[in-house]
Amino acid sequence: MFRFKESLFDVGLSSFEAALGEHVRIYDPARTVVDLMRFRGRFGEPVAHASLHRYLASAAPRPALLLEYAKVLGVFGPMRAALDVMRAG
């Protein structure tokens with residue numbers, strides 16, 4: 001079971017209108033990558049690293065945003081290390 005601080009829910013959260021008058025809340029790709037890094041013990045390091053690799057290969061990656069979210073969400077060290085490895089390789 002997961003428990004989350006209420007103050008962290010809005011980090012990376014946006015919404016869009018899925019149908020007329022029907023708004024859906026969704027996390028942006030950077031938040032999703034950071035969450036997978038946060039829960040890499042549960043979902044596996046390969047999943048977290050694959051998501052990071054895919055994000056960095058996307059049309060508009062924002063590594064600084066990943067680090068900003070990682071700092072707020074408590075995984076700055078692991079995210080920074082993974083970014084360094086991806087950039088070196």
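In the hairpin formed by β1 and β2, where two residues lie between the strands, Gly21 adopts a positive phi near 75 degrees. The model in which this turn appears is a predicted one. The two strands, β1 covering residues 13–19 and β2 covering residues 22–27, pair in the antiparallel sense over six bridges, and within that pairing Phe16 has Val24 of β2 as its bridge partner.

The hairpin stands at the start of the order of elements, which runs β-β-α-α-α-α-α from the N terminus, so that the secondary structure amounts to five helices and two strands. Along the principal axes, the C-alpha atoms of the protein fill a box of roughly 45 × 35 × 20 Å. Of its 89 residues, 29% count as buried, and among contacts between residues at least 6 apart in sequence, 48% join residues at least 24 apart.

**The nonpolar core**

The largest nonpolar core has 19 residues, and the members that touch the most others are Val34, Leu52, Leu66, Tyr69 and Met79. Four elements, tabulated here, each give two or more residues to this core.

| Element | Residues |
|---|---|
| α1 | 29–38 |
| α3 | 45–56 |
| α4 | 63–73 |
| α5 | 76–88 |

The element that gives the most to this core is α4, with six residues. In soluble globular proteins, nonpolar side chains tend to be buried together. Met79 illustrates how one of the core members is surrounded: once its neighbours within four places in sequence are left aside, Met79 is in contact with Val33, Val34, Met37, Leu52, Leu66, Leu67 and Ala70.

**The packing of α4 and α5**

How do α4 and α5 lie with respect to each other, roughly parallel or roughly antiparallel? Their axes come within 8 Å and cross at roughly 155 degrees; because angles over 145 degrees count as roughly antiparallel, α4 is roughly antiparallel to α5. On the side of α4 the contact is made by Pro63, Leu66, Leu67, Ala70 and Lys71, and on the side of α5 by Phe76, Met79, Arg80, Leu83 and Arg87. Sorted by class, this contact of α4 with α5 has seven nonpolar residues, no polar residues and three charged residues. Leu66 and Met79, which take part in this contact, are also among the core residues that touch the most other members.

Definitions and conventions. Residues numbered from 1 in each chain as written. Predicted model: local features only at pLDDT ≥ 70, side-chain atom pairs only at ≥ 80, totals over all residues. Heavy atoms only, no water. Core = buried A, V, L, I, M, F, W, Y, C linked by side-chain atoms within 4.5 Å. Buried < 20%, exposed > 50% of the residue type's maximum accessible area, 1.4 Å probe, protein only. Contact = heavy atoms within 4.5 Å. Pairing = 2+ DSSP bridges. Axes fitted to C-alpha atoms, helices over the stretch in contact; angles between N-to-C directions. Parallel < 35°, antiparallel > 145°, perpendicular 65-115°, else oblique. Nonpolar A, V, L, I, M, F, W, Y, C, P; charged D, E, K, R; others polar.
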